[in-house]
Amino acid sequence: MRFNHSALNSPAIAIAVWLTAWTLRPMFADTSYATWIPAVVGVAAVLGTLGVLLNLPRIVTLVGQSLGMALLLLWLGLRQAPTPADPDSPWYQPLYLLGQLGTSVVRNSGTPLPTDAGLVWLLLCILALVVVAIEVLVNLLEQPAWALAPLGVLYGVSALTLPTDLEWPAFAAIALGYSLILVVSTHLPGVNRSQRWFEPSRLAIALVMLLVAVVVTPVLTNLVPLGEKQPWLQTGGNAPIELSDPKITLNENLRRPAEQEVLRYSTDSETPVYLRTVALTRLSTTGAQLTAMQLSTTGLSSAYTAPGRRVDTTVRMLMPSEYLPAPFAVDRFSADGSWAFERNTMSIVATGNNRTEQTAGLEYEVSSTVPEPSREEIEAATAGTNPPGDEALIVPEGLDADVVTLTETVTADATTDGQKALAIQSFLRSEEFAYSLSAPDTAGMDDISDFLLVDRSGYCIHFAAGMITMARLQGIPARMAIGFTPGTRDGDEWVVTTHNMHSWPELYFEDLGWVPFEPTKSVAGPPGYTDPDIEPTSAPTASGSVSPAAPSAPPTIPVEPTDEPTVSPTPSTESSDNANLAGWLLLLGVAVLLALPIASRTVLRQWRLRSGQEPAAMAEGAWREVQALFMDIGLPWSGSSPELAVEELTKHLEPATASQLAVVAGTVQRARYARDGADTADLASLVKDFRRDLLRNQPGDKQAQALLLPSSLLPSRMRVG
């Protein structure tokens with residue numbers, strides 16, 4: 001094999017890296033991590049292609065590619081990076097902090113990883129380095145076979161990190177990318193590339209090799225003993241954080257013989273507030289459970305956009321906790337220590353080395369947008385169809401069928417989802433149910449069936465689980481929140497004790513977001529829209545949504561515990577959808593730039609060969625098009641008359657193509673000099689046929705040059721060839 005410095009090498013490398021990046025998909029919660037990957041590798045592809053077409057030195061092209069990707073990464077990093085606490089810090093400090101936040105996510109989160117801005121930016125930087133490494137191997141050192149090594153690094157990250165084996169499409173992606181690099185960057189010595197069978201045969205061989213590799217790999221994987229995956233996780237170290245079951249803490253605190261103070265808080269709210277710690281979305285046969293958390297350290301202020309009332313709270317913790325108790329939903333907070341938030345539930349989680357003790361003696365400030373819809377808005381509400389998380393509608397097996405019948409009976413008179421929720425809550429708060437701590441401390445499907453159908457006695461966890469189950473049966477997304485009731489007033493503060501620990505349901509409605517309800521009848525002072533003494537109206541009334549709270553400053557989140565500088569992330573002004581749109585708009589811009597020369601050249605060719613011209617004008621236009629075609633490909637041109645020029649030009653052409661040129665030249669010659677002129681009716685089609693066959697017989701780099709950067713459009717001193 002012999003190396004071929006083709007204009008297609010860099011695009012092939014970009015495609016290979018992009019394909020291999022998809023092997024990382026199982027490591028992330030969603031595909032938004034890949035939004036900017038085409039832009040980063042696309043910059044290298046475009047600059048690499050232009051470098052070849054302009055005959056630039058290879059090292060200059062590589063430097064240009066590196067600089068182009070670096071500028072794009074710099075722009076992406078600075079627009080998402082947190083603002084340093086010190087205004088006099090160097091310009092690169094935000095990027096350093098963004099990188100630290102990304103590494104913190106990796107250290108403190110399990111797979112699938114959240115698509116945190118810092119983590120995604122670090123991934124883009126790594127992919128840019130992979131592109132540079134492959135460019136050096138392929139185009140600088142002329143060793144395309146070694147491109148497998150950098151591609152294998154990306155594949156190995158997923159293969160070693162994920163606890164399960166990768167599926168065969170992941171291997172197929174890297175194999176396809178590697179094969180593409182080999183096909184476009186090599187050719188056999190002594191073979192005339194103008195032979196039409198050569199390129200298809202090489203492509204066919206590559207596809208056969210790829211197919212064999214994909215088929216053989218899973219067979220060998222099953223035959224070769226590979227041992228346990230991720231053995232290092234058995235020894236602790238930097239394993240993902242593990243959170244204790246909050247229901248256990250709830251049961252223990254409610255059953256304490258003597259209550260203990262947990263925290264004190266003050267608030268600007270006219271009414272006391274619930275302090276939420278966590279929400280349980282998964283409902284299994286054994287009860288409500290935590291789901292895998294998607295922890296993030298940036299973007300808190302824009303993570304939850306439902307309407308509500310702005311509430312500022314100052315909390316002084318007296319007991320340790322893994323979570324930061326705060327009114328739902330948190331917009332920003334300021335607290336010492338290392339913290340992250342879970343995007344689906346908006347829970348604030350300790351992530352430092354001493355995270356289980358991180359809140360002991362901690363005083364912090366928090367601003368929240370507390371849901372406060374009107375009674376009319378609840379009655380008119382429609383169940384949400386796209387809540388965060390994917391388990392808010394699942395009702396597990398094991399539920400007594402009579403619960404379904406009971407739910408239908410309770411909601412029979414309701415005409416909207418909001419009225420159904422209110423009817424379920426009123427039913428659970430009715431005299432048919434009693435509050436009792438002597439009930440079982442579990443809330444599995446059997447327990448819920450007994451609670452709703454037989455015993456009708458329990459405490460908050462049973463009332464909450466009962467309402468969640470009945471709401472889901474009616475198609476309303478629901479989850480269980482755990483935290484604290486408002487407590488009792490002590491001067492300017494509110495005192496919260498272990499006996500104030502509580503669980504309640506949150507239901508998801510369109511335009512309202514997650515709305516808390518209070519079905520536990522022993523709890524006093526529920527919000528007005530959940531007051532069972534106010535009967536639902538016979539028909540819901542449409543009402544405008546409550547205006548969301550004014551934007552607030554982002555949280556103060558240290559990258560590490562107190563020995564590190566405080567980071568204040570800049571609030572995001574764009575949603576993830578806007579970020580994705582920006583990425584695609586950038587790609588569209590690149591595509592337009594690539595298509596502009598093609599479109600310009602096509603329009604000019606159609607104008608020269610347009611029908612309806614006088615024979616002399618058609619002949620001149622046809623000959624100018626032939627000249628432009630030679631310039632685009634980089635072949636020498638002769639300024640002689642058409643018939644004399646053919647003798648020089650055909651030296652560079654295949655016999656069949658040379659015959660076509662001779663016919664065109666003869667027609668042009670007669671149109672110029674013959675007394676009777678010439679018939680030019682078929683001249684346009686002759687030129688187009690000549691162009692097609694001439695391009696078909698050219699090497700791939702010449703075809704790319706003629707297509708992407710036609711020299712005939714450039715000033716004479718800039719023309720390639």
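The following conversation goes through a predicted model of one protein, from its overall make-up to particular residues.

Trainee: What does the secondary structure of the protein come to?

Mentor: The model is a predicted one, and its secondary structure consists of 20 helices and 21 strands.

Trainee: How many of the residues count as buried, as a percentage?

Mentor: The protein has 721 residues, and 50% of them count as buried. The exposed area is about 32,800 Å², of which carbon and sulfur atoms supply 58%.

Trainee: And what share of the contacts between residues at least 6 apart in sequence join residues at least 24 apart?

Mentor: That share is 74%.

Trainee: Let us take a single residue. Where does Thr-20 lie, and is Thr-20 buried or exposed?

Mentor: Thr-20 belongs to helix 1, which covers residues 9-21. Its relative accessible area is 0%, so Thr-20 is buried.

Trainee: Which residues does Thr-20 touch, leaving out those up to four places away in sequence?

Mentor: With those left out, Thr-20 is in contact with Leu-151, Leu-154, Tyr-155 and Ile-174.

Trainee: Changing topic to salt bridges: how many are found in the whole structure?

Mentor: A search of the whole structure gives 19 salt bridges. One of interest pairs the side chains of Arg-601 and Glu-625, at 2.9 Å from N to O. This pair links distant parts of the chain, with Arg-601 in helix 15 (residues 576-608) and Glu-625 in helix 16 (residues 615-633), 24 residues apart.

Trainee: Are Arg-601 and Glu-625 buried or exposed?

Mentor: Arg-601 is buried, with a relative accessible area of 4%. Glu-625 is buried as well, with a relative accessible area of 1%.

Trainee: What about Asp-689, which residue forms a salt bridge with it?

Mentor: The partner of Asp-689 is Arg-692, and their closest N and O atoms are 3.0 Å apart.

Trainee: Why are Asp-689 and Arg-692 separated by about one helical turn?

Mentor: Because Asp-689 and Arg-692 are three residues apart in helix 19 (residues 683-696), about one helical turn separates them. Asp-689 counts as partly exposed, at 28% relative accessibility. Arg-692 also counts as partly exposed, at 40%.

Trainee: Which residues do salt bridges with shared partners join into one network?

Mentor: The network consists of Glu-261, Arg-264, Arg-316, Asp-490 and Glu-493. Within it, Glu-261 forms a salt bridge with Arg-264, and the closest N and O atoms of that pair are 3.2 Å apart. Glu-261 is partly exposed at a relative accessible area of 34%, whereas Arg-264 is buried at 15%.

Trainee: On to the surface. Which residues make the nonpolar patch?

Mentor: Leu-47, Leu-50, Leu-54, Leu-56, Ile-59, Val-60, Val-63, Leu-140 and Leu-141 make a nonpolar surface patch of about 700 Å². Helix 2 (37-53) and helix 3 (58-80) are the elements that give two or more residues to this patch. The largest share, three residues, comes from helix 3.

Trainee: Where is Leu-56 found?

Mentor: Leu-56 sits in the loop between helix 2 and helix 3. At 38% relative accessibility, Leu-56 counts as partly exposed.

Trainee: Which residues gather in the patch of negative charge?

Mentor: Asp-400, Asp-402, Asp-446, Asp-450 and Asp-455 form that patch on the surface. Helix 13 (residues 445-455) gives the most to the negative patch, with three residues. Asp-455 has its place in helix 13.

Trainee: What is notable about phi of Arg-456?

Mentor: Arg-456 has a positive phi of about 50 degrees although Arg-456 is not a glycine. Arg-456 lies in the loop between helix 13 and strand 15 (457-458), and with a relative accessible area of 17% Arg-456 is buried.

Trainee: And what is phi of Asp-511?

Mentor: Phi of Asp-511 is near 70 degrees, a positive value in a residue other than glycine. Asp-511 is in the loop between strand 19 (501-509) and strand 20 (513-516). Asp-511 is exposed, with a relative accessible area of 59%.

Trainee: One last backbone point: is the peptide bond from Phe-328 to Ala-329 cis or trans?

Mentor: The peptide bond from Phe-328 to Ala-329 is cis, with omega near 5 degrees. Ala-329 is located in the loop between strand 9 (309-317) and strand 10 (330-334).

How values were computed
Residues are numbered from 1 along each chain as its sequence is written. This is a predicted model: local features need pLDDT of at least 70, side-chain atom pairs count only at pLDDT 80 or more; totals for chains, interfaces and linings use all residues. Side-chain values use heavy atoms; hydrogens and water are left out. Helices (H or I, at least four residues) and strands (E, at least two) are DSSP runs, numbered from the N terminus. Buried means under 20% relative accessible area, exposed over 50%, partly exposed in between (1.4 Å probe, protein chains only). Contact means heavy atoms within 4.5 Å. Patches are made of residues with over 30% relative accessible area and no salt bridge: like charges are joined within 9 Å, nonpolar side chains (Val, Leu, Ile, Met, Phe, Trp, Tyr) within 5 Å. Accessible areas come from the Shrake-Rupley method with a 1.4 Å probe; for residues, only the protein chains shown count as cover. A salt bridge is a side-chain nitrogen of Lys or Arg within 4 Å of a carboxyl oxygen of Asp or Glu. Lys and Arg count as positive and Asp and Glu as negative; His and the chain ends are not counted. The place of a charge is taken as NZ of Lys, CZ of Arg, CG of Asp or CD of Glu.
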